[in-house]
Structure formats: structure tokens, C-alpha cells
Amino acid sequence: MVISHKLRALLKTAESVCVLTGAGISAESGVETFRGSKGLWSKLKPEELANFNAFMRNPELVWEWYNYRKKIVQEVTPNPAHYALARLQELVKDFTLVTQNIDNLHIRAGSKEVLELHGNIERSYCISCGKFAEHIEVTPEKKVPHCSSCNGIIRPDIVWFGEMLPEGVFESASDAAERCELFLTVGTSAVVYPAAQLPLTAQAHGAYVVEINMERTEISHRLQETLLGKAGEILPELLKIREEKKE
Ligand code: BJW
Ligand code: ZN
């Protein structure tokens with residue numbers, strides 16, 4: 001992998017960095033991505049599981065699906081890519097981590113104030129009164145959890161297609177993209193909006209935008225650099241360059 005002089009220089013000097021992550025950053029932890037021949041959606045149809053109408057039609061099925069995935073993400077551990085970003089945050093004055101992932105792995109790796117665009121699988125809330133649910137349990141006997149206050153149906157706190165992102169979160173991510181000097185887009189196919197807009201916003205405001213992915217994506221041709229390879233190998237390399245700055 002060749003790291004350009006420009007990126008090396010920015011890694012040493014940038015005081016404002018914004019990073020967007022997607023499912024690919026957790027692939028090396030053992031969490032399946034969505035798209036691609038081995039992705040979750042090569043086997044399952046998102047329109048049957050990842051929208052509100054599908055949930056209302058068959059909440060039992062949707063809960064079974066999220067419960068299964070919740071178990072997986074609880075069993076896996078963060079990988080060197082997650083840890084590299086948590087460490088980078090300590091070295092950069094203005095650092096913003098924006099994730100599309102719902103797997104909680106950035107927080108478990110020690111990242112702070114993560115902007116979660118698409119929710120978090122560890123949380124859930126009542127569709128009637130909006131109250132967050134504490135310890136929900138889905139069992140063969142109790143397949144759909146209900147609210148302890150109003151008995152409404154509880155849903156996972158995940159942003160499905162056609163739903164608005166959590167209030168203020170995308171706005172904070174856009175602000176960070178607009179003011180950063182260096183923007184990294186890591187392990188995302190960049191096809192889901194508005195998240196995929198962030199690298200382009202950063203670029204329009206003068207940032208140097210670098211993509212880290214196993215393959216080129218929909219937006220590669222518009223960015224300054226694409227580093228092809230595993231996030232768990234490339235991000236620790238980039239971190240090393242930042243850490244060398246101190247010597
Ligand atoms: C590695 C690697 C390694 C592998 N190292 N890399 C036209 C029709 C209908 C809707 C729309 C439309 N145009 C736009 C829309 C809106 C829609 C949208 O964008 N749709 C497009 C797909 C067309 N967006 C929305 O609906 C959003 N809301 C919205 O816009 O609100 C306004 C609005 C309201 C009302 C009406 C209309 C608009 C909400 C989007 C929510 C997305 N939620 C999901 C599902 C969660 C459910 C679940 O988890 O079960 O979030 S979609 C799914 O995709 C998930 C992800 O966060 C998201 C992004 O995927 P990501 O992270 O990029 O993963 P992959 O798998 O795609 O890519 C992985 C990449 O990693 C690959 O490139 C690999 O190469 C790479 N990789 N290993 C580095 N080791
Ligand atoms: Zn309720």
C-alpha cells in the first residue's frame with residue numbers, strides 16, 4: 001500500500017479530522033457486511049426486515065432477526081481498526097467519529113462521543129410513547145417485548161429505510177465534515193444516503209478525503225485517494241504516522 005506524501009503530511013499536522021465508518025470496519029471482528037456476495041442481504045431481503053412496515057407486519061420475525069444479530073455483536077470484539085480510531089481521537093484536537101454501524105464496537109474500543117447515524121442494536125424504544133426500554137428480553141414465549149409504561153410495542157433503536165436519522169446527529173456530522181482538514185471514509189460502500197453525502201460535503205469544503213476499503217466504491221472516483229486493503233491493517237499504519245509526529 002502506498003501512502004502519498006500529502007496524506008503523510010496531513011496525518012502529522014491535521015488538527016481537525018473526521019472519520020465515517022461502515023460495516024466493513026467490523027468485518028474483521030466477524031460481523032457480516034450488508035452488500036456484496038457474502039453480505040447479509042445476499043441471503044435476506046432488506047425490504048422484508050429493515051423498514052417500519054415490515055416490522056408492523058411481522059414484529060416477531062424482525063425481533064428474531066435483531067436478537068440473533070445482537071447475540072453475534074455481543075460475542076465478537078473490536079479489532080485493530082476500532083482501536084486505532086480510539087487512539088487517534090486522543091491525538092487530534094478536533095476529532096469526530098461518525099458511524100453507520102449499530103454494533104457498538106467503536107464504543108467498546110474506547111471511542112468517545114461517537115455519532116451513531118443509524119442507531120444502536122443495544123437500545124430499543126416504545127413505538128407508542130417513545131420511552132427507551134431497559135432490559136428487554138425476547139424469548140420463545142415472549143417474542144415481542146412490550147412497554148412497561150403503556151404496553152406499546154417495543155422496537156429496536158435502528159434507523160430503517162425511509163426513516164429520519166436521530167435528531168441533530170446528522171447535523172453534527174455535517175458540521176464536522178465541513179470544518180475538517182482530513183476526512184477518512186472507512187469500510188462503507190457509500191450507497192446509503194444521507195451518510196454517503198458526508199465525504200462529498202467534506203471535499204466541497206476543502207478537506208482532503210481518503211477512502212479505506214477492500215474495493216473501489218460508488219464515490220471513489222470523486223475522492224483524493226483510495227487505499228485498498230483491510231481497515232484493520234491500514235488504520236494502524238496511519239496511526240503510526242501520527243504517533244511518529246511526537247518523536
Ligand atoms: C472492508 C472490509 C475491511 C469489507 N476493511 N473495508 C431511492 C428510493 C428509496 C429511498 C431512497 C432513494 N434514494 C435515497 C433514498 C434514501 C435511503 C437510501 O439511501 N437508499 C439507497 C440505498 C438508495 N436512505 C434512507 O432511507 C435514510 N433515511 C433518509 O434518507 O431519511 C430521509 C427520508 C425520510 C423519508 C423518506 C425519504 C427520505 C435511512 C437509511 C438507514 C439505513 N439503515 C441501514 C439498515 C439498518 C438495518 C439493520 O442493520 O438491520 O443501515 S441500511 C444498511 O446500509 C445499514 C448500514 O449502516 C448502511 C450502510 O452500509 P455500509 O456500512 O456501507 O455497508 P456495506 O455492506 O454496504 O459496505 C461494506 C463495505 O466495506 C464494502 O464496500 C466492502 O468492500 C468494505 N469492506 N471488509 C475495509 N476488512
Ligand atoms: Zn410506551
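Why does the arrangement of the four donor atoms around the zinc ion (ligand 2) count as tetrahedral? Some ground rules come before the answer. This is a predicted model, where local features need pLDDT of at least 70, side-chain atom pairs count only at pLDDT 80 or more, and totals for chains, interfaces and linings use all residues. Residues are numbered from 1 along each chain as its sequence is written, chains are lettered from A and ligands numbered from 1 in the order in which they are written, and side-chain values use heavy atoms, without hydrogens and water.

Start at the metal. Four sulfur atoms hold the zinc ion (ligand 2): the SG atoms of Cys126, Cys129, Cys147 and Cys150, at 2.3 to 2.4 Å. A donor is an N, O or S atom within 2.8 Å of the metal (3.2 Å for Na, K and Ca). The angles between the four donor atoms run from 98 to 118 degrees, so the arrangement is tetrahedral. That term requires four donors with all angles between 85 and 135 degrees.

Now follow the chain. The donors of the zinc ion (ligand 2) have the spacing C-x2-C-x17-C-x2-C. Cys129 and Cys147 are 18 residues apart, and both sit in the loop between strand E4 (119-126) and strand E5 (154-158). Strands are DSSP runs of E, at least two residues, numbered from the N terminus.

How accessible are these cysteines? Cys147 is buried because its relative accessibility is 7%. Cys129, at 42%, is partly exposed, and Cys150, at 38%, is partly exposed too. Buried means under 20% relative accessible area, exposed over 50%, and partly exposed in between (1.4 Å probe, protein chains only).

Definitions and conventions. Four donors count as tetrahedral if all angles lie between 85 and 135 degrees; four count as square planar and six as octahedral if opposite donors are over 155 degrees apart and all others between 65 and 115; anything else is irregular. Helices (H or I, at least four residues) and strands (E, at least two) are DSSP runs, numbered from the N terminus.
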